[in-house]
Amino acid sequence: MTSTDQRYDPSCMDDFDPASLDAGQALTQIINTVPRPHEVETVPIQDSLGRVIASESHSRINVPGHTNSAMDGYAICGEDIPVRGQAVLSVIGTSWAGRPFTESIRPGECVRIMTGAAMPDGSDTVVMQERVEKNGDMVSIDSNNKPGQNVRQAGEDIQAGEIVLESGKHIRPAELGLLASTGIGEVTVYKKLRVAFFSTGDELRPIGSKLQKGQIYDSNRYTLYGMLSRLGVEITDLGVIGDERNVIEQVFSDAAAEADVVITSGGVSVGEADFVKEILEQHGTVHFWKVAMKPGRPLAFGKIGNAWFFGLPGNPVSVMVTFYVFVLPALRKMMGNPHQEPLTVTATCSSKLRKRAGRVEYQRGILTWEKDGGSSGHSYRVSKTGPQGSGVLRSMSDANCFIILPMESSGVEVGDAVKVLPFETIV
Ligand code: AMP
Ligand code: MG
């Protein structure tokens, strides 16, 4: 590496420590330690978004409730479809969505029908309106139709008595709709996790104040706020706490008394750790780890009083990476979600990535799906987002994925395959 490279990308600076804990082991230890939830409550379905079903609910009805048309067209008897040529049928009425045709139809007859309208008795097939020729009260249909087509059967989505959502199911917009379609208005879910967080550091100032030399605005509480809000936990923002023993001690014990989980940022790296360590040793059991990972080497995990504690590093990118890698899976377990490995893809790297062996790295990347000359026509490509320093929050903001480089990797050349963890999915 040239000195110019080093100046532009401080992320390459050497902070390798052979005594570090393997990131996978740290995660396993955290996941095996935190409990599943047990307290439940029954809430209106709108309030259940992002939460986890604690007790399965059964449908009392078929969805759809009646066999109905999937198209605007004509409901006919399937046996009227001609083998060749045309068949002429007389239109004896209309079935609207919500206003069904209440009589039966006989062979040779049909009913004008709208999408979602109940099929009249005697009919079993719908011919699209574009596929008929209309002549007054008569329509003619041809042989290009199949009995049973364009019809949605009663109960084809959910049958009466069936379980709508199993317990352990995470509720997304689709689940809200599914519950609503069965007429269920309330569900039993695990209680919301209460998460309190604060930032530590004498240099931190809240937005709105003027910065003196050496001071910075506190950004970690905002990224934490964002990540926790999306997760749907109950949040208590305890603000910025200066590096002052008595105050930190007080805030820790207040936070632990009112929250299930306490998250802090800053103050766990060497130099400061002893101070926080002393307080935490008095009030709980906390491990201070140096994880073989970049960004995010210092990490504290344990218990203060009855609350689970995550002490994240101070650097803004490290906070986000350690949250996603260690805290998010732990919170999900405490919320009742079954453990799921995040979905990753393999991409061809368009950037040269510097790295030293001996730690896992989460570099920030831009993932695209691009045309290539290969047999399948397209492939994933990923490039890094500028400087990768653990204080460069822009690298997260520009990114749509993490490029995960394993322990043993000692860098990536242009064209190498890399493992990528995309940030967002649509539901
Ligand atoms: P620390 O772990 O407390 O030594 O902090 C490591 C680095 O992260 C230092 O440069 C801090 O100024 C910075 N830092 C700590 N907390 C925050 C915060 N809440 N917002 C932005 N930067 C922070
Ligand atoms: Mg600090």
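These are my notebook entries on one helix, two buried residues and some salt bridges.

**Entry 1: helix H4**

I'm working with a predicted model, so I kept that in mind throughout. I began with helix H4, which covers residues 220-231. How far apart should its ends be? With 12 residues at 1.5 Å a residue, I expected a span of 16 Å, and the end C-alpha atoms turned out to be 17 Å apart, which agrees.

Next I looked up which residues of H4 are buried. I found Asn220, Arg221, Thr223, Leu224, Met227, Leu228 and Leu231. Looking down the axis of H4, I saw that these buried residues fall within an arc of 160 degrees, so they line one face of the helix. My textbook rule fits in here: an α-helix has 3.6 residues a turn, so residues three or four places apart point the same way.

What do the buried residues of H4 pack against? I listed four strands, S13 (194-200), S16 (234-241), S17 (261-265) and S21 (307-312), plus helix H7 (316-335). Right after H4 comes Gly232, and I noted its positive phi, near 85 degrees.

**Entry 2: Tyr222 and a patch**

Tyr222 also sits in H4, but I didn't find this residue on the buried list. Its relative accessibility is 43%, so Tyr222 counts as partly exposed, since buried would need under 20%. Tyr222 joins Ile207, Leu211 and Tyr217 in a nonpolar surface patch of about 400 Å².

**Entry 3: two buried residues**

I picked Phe310 in strand S21, one of the strands that the buried side of H4 packs against. Is Phe310 buried or exposed? Its relative accessible area is 0%, so I wrote down buried. Setting aside neighbours within four places in sequence, I found Phe310 in contact with a list of residues, including Ile30, Val261, Ile263, Ala300, Phe326 and Met334. I checked Val261 further: Phe310 and Val261 are 49 residues apart in sequence, yet their C-alpha atoms are 7.8 Å apart in space.

Then I went to Ser318 in helix H7. Ser318 is buried too, at 3% relative accessible area. Not counting residues up to four places away in sequence, Ser318 touches Pro295, Gly296, Pro313 and Ser390.

**Entry 4: salt bridges**

How many salt bridges are there? The count comes to 14, and I looked at a few of them.

Glu39 pairs with Lys191, with the closest N and O atoms 3.7 Å apart. Glu39 is in the loop between helix H2 (23-33) and strand S1 (40-44), while Lys191 is in the loop between strand S12 (186-190) and S13, so this pair ties together parts 152 residues apart in sequence. Both ends are partly exposed: Glu39 has 48% relative accessibility and Lys191 has 40%.

Arg194 and Asp260 meet at 3.0 Å, N to O. This pair links distant parts of the chain as well, with Arg194 in strand S13 and Asp260 in the loop between helix H5 (245-258) and S17, 66 residues apart. I noted 33% relative accessibility for Arg194 and 23% for Asp260.

Glu249 and Arg245 form a salt bridge at 3.7 Å. They are 4 residues apart in helix H5, which means about one helical turn separates them. Glu249 is buried at 17%, whereas Arg245 at 22% counts as partly exposed. My last note is a network: salt bridges with shared partners join Lys169, Arg172 and Glu175.

Note on methods:
Residues are numbered from 1 along each chain as its sequence is written. Chains are lettered from A and ligands numbered from 1 in the order in which they are written. This is a predicted model: local features need pLDDT of at least 70, side-chain atom pairs count only at pLDDT 80 or more; totals for chains, interfaces and linings use all residues. Side-chain values use heavy atoms; hydrogens and water are left out. Helices (H or I, at least four residues) and strands (E, at least two) are DSSP runs, numbered from the N terminus. The expected span of a helix is 1.5 Å times one less than its number of residues. Buried means under 20% relative accessible area, exposed over 50%, partly exposed in between (1.4 Å probe, protein chains only). The arc is that of the directions from the helix axis to the C-beta atoms. Contact means heavy atoms within 4.5 Å. Patches are made of residues with over 30% relative accessible area and no salt bridge: like charges are joined within 9 Å, nonpolar side chains (Val, Leu, Ile, Met, Phe, Trp, Tyr) within 5 Å. Accessible areas come from the Shrake-Rupley method with a 1.4 Å probe; for residues, only the protein chains shown count as cover. A salt bridge is a side-chain nitrogen of Lys or Arg within 4 Å of a carboxyl oxygen of Asp or Glu.
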